[in-house]
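Thank you for making time today. I would like to take you slowly through a few places in a structure that may be new to you, so please have the sequence and the 3D view open.

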Amino acid sequence: MRQFKSVLLSLLFSSLFSVGMAQDNIVDEIVWVIGDETILRSDVEQQRIRSQIEGEKINGDPYCVIPEQLALTKLFLDQAKIDSITVDEKTVNSQADMRINYMVSQIGSKEKLEEYFKKPMDEIREELREMVETQQYVQQVQNKIVGDIKSTPAEIRRYVSKLSEDSLPDIPAQLEVQILSIAPNIEQSAIEEVKAQLRDYQDRIASGTTSFSTLALFYSEDVESGKRGGELGFMGRGQLVKEYADVAFAMYEPGKVSKIVESEFGFHIIQLIERRDERINTRHILLKPKPTAESMKAAKERIDSIMTAVNEKKFITFEQAVELYSTDKNTRNCSGILTNMQTGNSKFELQDLPQEVGRAVYVLNEGEISRPFLMLNSSGRQVYTVAKVKSKIPAHKANMKDDFVLLKRMYEEHKRQEILSDWIKKKQKEVYVRIDPNWRNCQFEYEGWVK
């Protein structure tokens, strides 16, 4: 099932398109039939070549493993038809666009993407949309089969007690970190200078002297979108910062350039490229007003004075200082605790911390506070910061005391796979399956394919 999930959820570049040229050399034939669906030799070859390109290890003979993976997907799709399951087209289109945007950001431009896959963008998008749609169908069927898995501490404890020592995951050393940040003030003169520059860009675009994309490429401080002429790709309102979204979604004329928009990232001008229902494709130029040397010095002096009060225990704790003085809106109301966006909790491996924070806390013990250092906050703005090590957890084998949430997820995933495995075995008996004799000599994960 892990291999099946890997195939189902694999994305981007090679996963759908990179093997297009290889198909020309394949003599096609039907190798499996599942219900009224077929698996072609070319389907297997595509998946095999994709795995080679991505460095994905196939545990076993690829001409046995891959057809079975594809067959499992078709079992779930067959059940989706029986249950009249539908998918939300807006969600499918939105996810497909997000993945297209990611691919474009990785390869550099739409034109390069089309050249790489030797297909027009509409064809690439449609193939990716079909892949996302298949994922949606399969996920909905699986969720319906599995239902809501509930677990008790006693069940989890019994499950863990039956695992061998080697089966328990190794938990690397982790730590929890709190930060207090002070952002330097931005002088009004710096803001006016940025606005004047953006107004000049607006005039140059309106007069036709310079294109928006050229200006974005050379001057936008959003470096990644700047490489693509400022283009962000199709996004929904919730994917954009509010101030940007409010202006962008009020635009209806392609090519039109917005007024100057202020957000937490700086100041933007926006050009509408295309609208699709509740999604828009825009390009923008971002400029950030810079603090003066005097403002930077004042911010440094302020954080020094705050930390003097904390370190000398002058009626204020680090946590109280964060609440009163920190300018970091993401951590100010939670005692400065950083959240690991990969896991959703507050525990980090050292290498997963923001680089500047990791360097500052590397030599600290639990409860110790770093010296002030400069870092970029989530808005890309330089701030003076101090970091405190809230807790340090040494490397260990997972246990109920320290890693209950992880073990709970392990148990519930185990139960989920048990339920899905039982369903697959039952479904195999109900669906017509025919495998070409030349493709039967395999040790399949599920024995019920050959009847």
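I will go through some helices, then a pair of residues, and then some backbone angles.

Before anything else, please keep in mind that this is a predicted model, and that the values I quote are computed from it.

Let me begin with helix α6, which runs over residues 121-146 and therefore has 26 residues, spanning 37 Å from its first C-alpha to its last, where 38 Å would be expected at 1.5 Å a residue. Just after α6 comes Gly147, and the phi of Gly147 is positive, near 70 degrees.

Now please look at helix α4, residues 89-107, and helix α5, residues 110-117, whose axes lie 8 Å apart and which pack at an angle of about 95 degrees. Because angles from 65 to 115 degrees count as roughly perpendicular, α4 is roughly perpendicular to α5. Which residues in α4 and α5 meet? From α4 we have Met103, Val104 and Ile107, and they meet Lys110, Lys112, Leu113, Tyr116 and Phe117 in α5. If we sort the residues of this contact by character, six are nonpolar and two are charged, while none is polar.

Let me turn to the pair of residues, Gly238 and Arg279, which are 41 residues apart in sequence and, in space, 9.9 Å apart from C-alpha to C-alpha. Gly238 sits in the loop between β5 (231-236) and α11 (242-248), and with a relative accessible area of 79% Gly238 is exposed. Arg279, by contrast, lies in strand β8, and Arg279 counts as buried because its relative accessibility is 11%, under the 20% cut-off. Leaving aside residues up to four places away in sequence, Arg279 touches Asn93, Ser94, Asp97, Phe234, Met235, Gly236, Phe249 and Glu274.

That brings me to the backbone angles, beginning with Asp277, which is not a glycine and yet has a positive phi of about 55 degrees. Asp277 is placed in the loop between β7 (266-276) and β8 (279-287), and it is exposed, with a relative accessible area of 60%. Ser335, also a residue other than glycine, has a positive phi near 60 degrees. Where does Ser335 lie? Ser335 is found in the loop between α13 (318-325) and α14 (355-361), and, at a relative accessible area of 30%, Ser335 is partly exposed.

That is where I will stop, and I am happy to go back to any of these places with you.

Notes:
Residues numbered from 1 in each chain as written. Predicted model: local features only at pLDDT ≥ 70, side-chain atom pairs only at ≥ 80, totals over all residues. Heavy atoms only, no water. Helix = DSSP H or I, 4+ residues; strand = E, 2+ residues; numbered from the N terminus. Buried < 20%, exposed > 50% of the residue type's maximum accessible area, 1.4 Å probe, protein only. Axes fitted to C-alpha atoms, helices over the stretch in contact; angles between N-to-C directions. Parallel < 35°, antiparallel > 145°, perpendicular 65-115°, else oblique. Contact = heavy atoms within 4.5 Å. Nonpolar A, V, L, I, M, F, W, Y, C, P; charged D, E, K, R; others polar.
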